[in-house]
Amino acid sequence: MAGFIQRGAKNILQKNPNDVVFLSALRTPVTRAKKGGFKDAYDHELLAHVLKATLAATPNLDPKLVQDIQIGTVLSELGGSKAGRMAAVHAGYPETAAFQTVNRACSSGLAAITGIAQSIAVGQIDVGIGGGMESMTRNYGSRAIPTQLWDELKESPVKDARDCIMSMGITAENVAERYGVSRADQDAFAARSHQKAAKAQKEGLFDKEIISVTTRWHPNPETPETTEEITVTKDDGIRPTSSPESLAKMKPAFKPDGTATAGNSSQVSDGAGAALMMRRSTASALGLEKNIIGKWAGTQVIGCKPDEMGIGPALAIPKLLDYTGVSKDEIGVWEINEAFASQAIHCVRTLGIDEALVNPKGGAIALGHPLGATGARQLAGLLPELERQGKEMGVISMCIGTGMGMASLIVRE
């Protein structure tokens, strides 16, 4: 085990000079792909806005101190590296701030945050930014399945290799069938996600994490020359009137006799998020200790069978808890990405978690799953929720396309 990871809740909750801390965790609204407020925006446009807001949130930080920026993205052209670097410089970061994109499918944003955390922890850098961006409106044409693929892989005698390009919806059906998750339970879970998100939005619980974004809007696709300026201030995929009864009327989306529908699956979405991170001793030296809102306390990742990729959190979370020496009962809030209701339910059941502690402000079924940005969205939501509830530790986790799970332990200051 790496020496910079503290073990046990008592040690993790102590403040040490070498802690990797968060000074801000912000996100754009998450909007519906092709229909929502960002349908005419670019992923790197959203990134530029959230990177600029990150600087504004800590005005006493000299941008020249930011040494590296890592951004998760899955679908971006050229891996998003060139447009992303342009967005960072455009947002006010100096040419000395390095930049890279990260692609670990659905966990890309969390992988980027972890990458910055690890660079700080081993002394490679002192200050960095981790986050994610995605426009599924613009870049989801292939449905995240390769359009150019070696024939030998398509016809591989290794089933797990072939299954890496299985439709995510079919993997959700496999989880439902293999682990006994009923359609009724999936619809009820999805309705609760919308109801929690609607309540949180009405009560202003997203206000601390969301930045407003002004962008362009083409009201009529037949007249693209007609453009309006709009300011997007909130998530637009939440359906307050969702109920188990209304969701039960939806047809299966992936197989005729299936249980996964558009209503109990995550929404295809657009959005971006970013977190400012540094070593605690650096924050102290810069007079920014009062800006610290939390700390990163470890990440684990694990593989699983590609045809049931949704079980990833049920494997990654126990590995994380063992790695950090923290017990399940010491976690106050769980942010488990709702790729599909079937897999989220299975993971919660397998882990023996009280569902009341899971996604208290709703999850991806209501808020959306902009692939590369989801981990950053979860972090931005977790930290203020821990503060609101007076809880000390939370976990972020998600399943990952091709069969993996990732989980991180986050501590509130």
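Which residues is Q378 in contact with, leaving aside its neighbours within four places in sequence? The legends below, which describe close-up views of a predicted model, begin with this residue.

**View 1. Surroundings of Q378 in helix α15.** Q378 has its place in helix α15, which covers residues 374–389. Leaving aside its neighbours within four places in sequence, Q378 is in contact with E335, I336 and N337, and also with I396, S397 and M398. Because its relative accessibility is 0%, where buried means under 20%, Q378 counts as buried. Among these partners, I396, S397 and M398 belong to strand β11, and they are themselves buried there.

**View 2. Packing of helix α4 against helix α15.** Helix α4, made of residues 108–121, and helix α15 cross at roughly 70 degrees, and their axes come within 5 Å. The two helices, α4 and α15, are therefore roughly perpendicular. On the side of α4 the contact is made by G109, L110 and I113, and on the side of α15 by G375, A376 and L379. Sorted by residue class, the contact of α4 with α15 holds 4 nonpolar and 2 polar residues, with no charged residue.

**View 3. Strand β11 and its enclosure.** Strand β11 runs over residues 393–400, and 8 of its 8 residues are buried, so the strand is largely enclosed by the rest of the structure. M393, V395, S397 and C399 point one way from β11, whereas G394, I396, M398 and I400 point the other way, and the residues of both sets are buried.

**View 4. Strand partners of β11.** Strand β10, which spans residues 333–336, pairs with β11 in the parallel sense, and 4 bridges connect the two strands. Within this pairing, V333 has G394 of β11 as its bridge partner. Strand β12, formed by residues 404–412, runs antiparallel to β11 and is joined to it by 8 bridges. In this second pairing, G394 stands opposite I410 of β12, so that G394 takes part in both descriptions, with V333 as its bridge partner in the parallel pairing. **View 5. The turn between β11 and β12, with T402.** The hairpin of β11 and β12 has 3 residues between the strands, and within the hairpin T402 takes a positive phi near 85 degrees. T402 has its place in the loop between β11 and β12, and its phi is a positive value in a residue other than glycine. With a relative accessibility of 35%, T402 counts as partly exposed.

**View 6. R412 in strand β12.** R412 lies in strand β12, and at 23% relative accessibility this residue counts as partly exposed. Leaving aside its neighbours within four places in sequence, R412 is in contact with I293 and G294, with L383, L386 and E387, and with G390, K391 and E392. One of these partners, G390, is 22 residues from R412 along the chain, and the C-alpha atoms of the two residues are separated by 9.0 Å.

**View 7. Helix α13 and what covers it.** In helix α13, 9 of the 11 residues are buried, so the helix is largely enclosed by the rest of the structure. The buried residues of α13 are A341, S342, Q343, A344, I345, H346, C347, V348 and L351. Their cover includes the helices α8, α9 (183–202), α12 (312–324) and α14 (364–367), together with the strands β10 and β11. Just after α13, G352 takes a positive phi of about 70 degrees.

**View 8. Packing of helix α8 against helix α13.** Helix α8, made of residues 168–179, packs against helix α13, made of residues 341–351, at an angle of about 45 degrees, and the axes of the two helices lie 8 Å apart. The helices α8 and α13 are therefore oblique to each other, and α8 passes α13 in a left-handed crossing. The contact is made by A172, V175, A176 and Y179 of α8 together with S342, Q343 and H346 of α13. By residue class, the contact of α8 with α13 divides into 4 nonpolar and 3 polar residues, with no charged residue.

**View 9. L78 in the loop between β3 and α3.** L78 lies in the loop that stands between β3 (68–72) and α3 (81–90). Phi of L78 is near 60 degrees, which is a positive value in a residue other than glycine. At a relative accessibility of 63%, L78 counts as exposed.

Technical notes. Residues are numbered from 1 along each chain as its sequence is written. This is a predicted model: local features need pLDDT of at least 70, side-chain atom pairs count only at pLDDT 80 or more; totals for chains, interfaces and linings use all residues. Side-chain values use heavy atoms; hydrogens and water are left out. Axes are lines fitted to C-alpha atoms, for helices over the stretch in contact, and angles run from 0 to 180 degrees between N-to-C directions. Angles under 35 degrees count as roughly parallel, over 145 as roughly antiparallel, 65 to 115 as roughly perpendicular and the rest as oblique. A crossing is left-handed if the near helix is turned anticlockwise from the far one by less than a right angle, and right-handed if clockwise. Contact means heavy atoms within 4.5 Å. Ala, Val, Leu, Ile, Met, Phe, Trp, Tyr, Cys and Pro count as nonpolar, Asp, Glu, Lys and Arg as charged, and the others, Gly among them, as polar. Buried means under 20% relative accessible area, exposed over 50%, partly exposed in between (1.4 Å probe, protein chains only). Two strands pair if DSSP finds at least two bridges between them.
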